[in-house]
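Below are some notes for a colleague going through this model. The points move from one helix and its cover to the backbone, the cysteines and the chain as a whole.

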Amino acid sequence: MTSGAIRPLTIAHLARSLEARAGQPMEALRCYESLAALWIRCCDTGTLGARVLRDMTFRAARRLAAGEDILIAPESDRIPDWLTRDASLVRLPASLAVQGVEWQDVLALAEVWLGARQDAGPVLVAGVRTGGAYLAPLVATRLEAAGVDVRVTSVRPGEDLDVRDRRVLLVDDPPLTGRTLLSLARDIPGPAGGEVLVPVFDAADVQGLRQEGIAVTVLPRERWQSTRRLQPDALSPYLDAHARWQDAGPAPAVDGLVPGRENSALTPWPGVRRRSPARAAVRLATSAGIRHAVAGWVPPGIFGDAARAAATLVRSSVVPATLAVAPALVVSEDLVTTAPLSPQPPPGKLEEAMDYVLDRARQLPVESPVPGGPMPEVLQTVARALTGTDDTAVATGAARMLQLLSALAPSLPDNRCEAEKWFLDGAGRLRKTGHLAHAYRRDNELLTPLLDLAALSVAFGSNLDTIADHLARRLPNTRPWYAPLAVALLCYGTARGAQLPRTYNPQRAAETAVEAYRLQRGMSQAAEALQPVLSDLVGGPETAVPGVVHRWQDPPGALVQPRLPFGGTATRPIGPGPTGEETQMALKAVARWAEGRAQAVREGDVLLLAPLQAPSAWDRAALEDLARLLPCPGLLAWCGVPVVALGEVS
């Protein structure tokens, strides 16, 4: 269990940990995952050492699959010295970090393939980096134990495979679209061809691959360890054997599962996405009576360390209290959503949320990164959008923004400062859920509470000025906070914009439309504020690129995919907002056009038209019809969904 300051999960940290344990016993899963991470890093960088690390990873997989709990760490001279200085963050595979796949599931997947292949010839097991490369050695191990002539490797699209006469088995995370696997499978050379082996949330996730004639072997979600562990006959023995309860006294006993919320992997809960880690609502029999709790999956290996630390160390009245921690589960109090957070909550609720973020930053500090480490990619993206494509300007701008973000010491972010995760309980108190689902942010590499604070401006419908003022009161006699928060919001929004849901029910559509609009509006304002600062660094206003746009004339093809705010096509100036009479005309026109097609969601001085269904693309002709119905066509803009201005347009 991690305690005290948390180390960012870097390649250097894993390499040095292995070196420190050279020749000594260490936990088998930790050893395997650490070696796999170092092997993948060598493959990604094309540097020496990949073959040696692959072989060590394969040997660790054999021992792990054989049921050994403890392995002897490899000798330090087997680990390339440069890895001990590599400060890049470990790339977190979705399967092992956030989705619920465990190493035993990979062995079961290989069993399914073996059951259908009685005369298997030589195979090459190719893990699709990043996630598939963690899984491939385990598949290869099981096939080898069954007598199959097997080799193991990793691959990314565009890389060549040394296939020879072997059949290729592509192994990957549970697929979202299957496009990467399809591209790789089509390009496999040699006469033996290729197949795909993947765990799946739903059989339909690989239907596209099968329609293209590709053989696919799947392990459905109901057979995953994380799903079966939450079955009534398995949960109680698992907790009895492994749980560490936080309160002193007799350990509670599982009295049963709550009907309708037994297992989210098998019976979806309202508000729980299909690809979220499995969880179950349980009744616990305690000395004080029945207590309601939620048992939720966390990764059992190195990727769950931060989640378990957050569960046991953070003390806050805002997040659910942790009742117990086990290697692959966290049991926390069950919170019933009494009322959603209103679109414009009272200022006091924002104050409570800020208190939580800062308190957590003090309770879960992260060790500062090594000076001179690699520049986070998201900062490069933002700097390029604000300063142009000149490498010198981008490097200078990114360095300045990184300096601004150092205004607060790094801490463990929780990826859940979002509108749909905040609500009010029965007593009207602000509460927050989802704090253990993604213990490390997967959408940035910065590990700073500033990103969480900036995200509050989206969740609470506020602006960065308000957040900066509140922060200045809490931390007096410090630097001005607006510029650091502006950088944080641009980093957060750049990643979050790509994660907004594409298909959902009408309620989620409305929530997502509001979030997309707030992100676009806030990022545009933040970008405008930062551009002069960065332009001064790289040669003055005359060298600055054009200002970041507010709106886009042409909608993107995908539903709710805002270009936030980089890469869009600037609209023509739309002039002043409508008059009072024109506003009423616009409201009537929108109501007529939206019937059966969209719901109008008011956000300040605009109407957001959230879809009632989930079209793959907006009908351009229909949007042109709407523009003609409005008193002024220029009132129609685009921000992931159609936007109709009702007041003064900024």
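1. A residue counts as buried when its relative accessible area is under 20%, and as exposed when that figure is over 50%. The structure is a predicted model, and what follows should be read with that in mind.

2. Start with helix α11, residues 305-313. Which of its residues are buried? They are Asp305, Ala306, Ala307, Arg308, Ala309, Ala310, Ala311 and Thr312. Since eight of the nine residues of α11 are buried, the helix is largely enclosed by the rest of the structure. In general, residues three or four places apart in an α-helix point the same way, because there are 3.6 residues a turn.

3. What covers α11? The cover over its buried residues includes one helix, α2 (28-45), and two strands, β12 (322-326) and β13 (329-333). Cover here rests on contacts, meaning heavy atoms within 4.5 Å.

4. Strand β13 deserves a point of its own. Four of its five residues are buried, so β13 too is largely enclosed by the rest of the structure. A hairpin with two residues in the connection links β12 to β13. These two strands are antiparallel and share four bridges; in this pairing, Thr322 is opposite Ser332 of β13.

5. β13 also pairs with β11 (residues 289-297), again in the antiparallel sense, through five bridges. Within that pairing, Gly296 has Val330 of β13 as its bridge partner. Taken together, β13 is paired with β12 and with β11, and it forms part of the cover of α11.

6. Three places in the backbone are worth checking by eye. As background, most residues other than glycine have a negative phi, and most peptide bonds are trans. The peptide bond between Arg129 and Thr130 is cis, with omega about 15°. Thr130 belongs to the loop that runs between β3 (123-128) and α6 (131-145).

7. The second place is Arg164, which is not a glycine yet has a positive phi of about 55°. Its loop lies between β4 (150-155) and β5 (167-171). Is Arg164 buried or exposed? Its relative accessible area is 63%, so Arg164 is exposed.

8. The third is Leu447, also a non-glycine residue with a positive phi, here about 50°. Leu447 sits in the loop between β16 (430-432) and α15 (449-459). Its relative accessibility is 7%, and Leu447 therefore counts as buried. Of these two residues with positive phi, then, Arg164 is exposed, whereas Leu447 is buried.

9. How many disulfides does the model contain? With a cut-off of 2.5 Å between cysteine sulfur atoms, the count is zero. Cys43, for instance, is in no disulfide: the nearest cysteine sulfur belongs to Cys42 and is 7.0 Å away. Another cysteine, Cys491, has a relative accessible area of 0% and is buried.

10. Last, the chain as a whole. Its secondary structure consists of 20 helices and 20 strands. Of its 650 residues, 54% count as buried. Among contacts in the chain with a separation of 6 or more, 73% are between residues 24 or more positions apart. The accessible surface is about 27,400 Å², and carbon and sulfur atoms account for 51% of that area.

Note on methods. Residues are numbered from 1 along each chain as its sequence is written. This is a predicted model: local features need pLDDT of at least 70, side-chain atom pairs count only at pLDDT 80 or more; totals for chains, interfaces and linings use all residues. Side-chain values use heavy atoms; hydrogens and water are left out. Buried means under 20% relative accessible area, exposed over 50%, partly exposed in between (1.4 Å probe, protein chains only). Accessible areas come from the Shrake-Rupley method with a 1.4 Å probe; for residues, only the protein chains shown count as cover. Two strands pair if DSSP finds at least two bridges between them.
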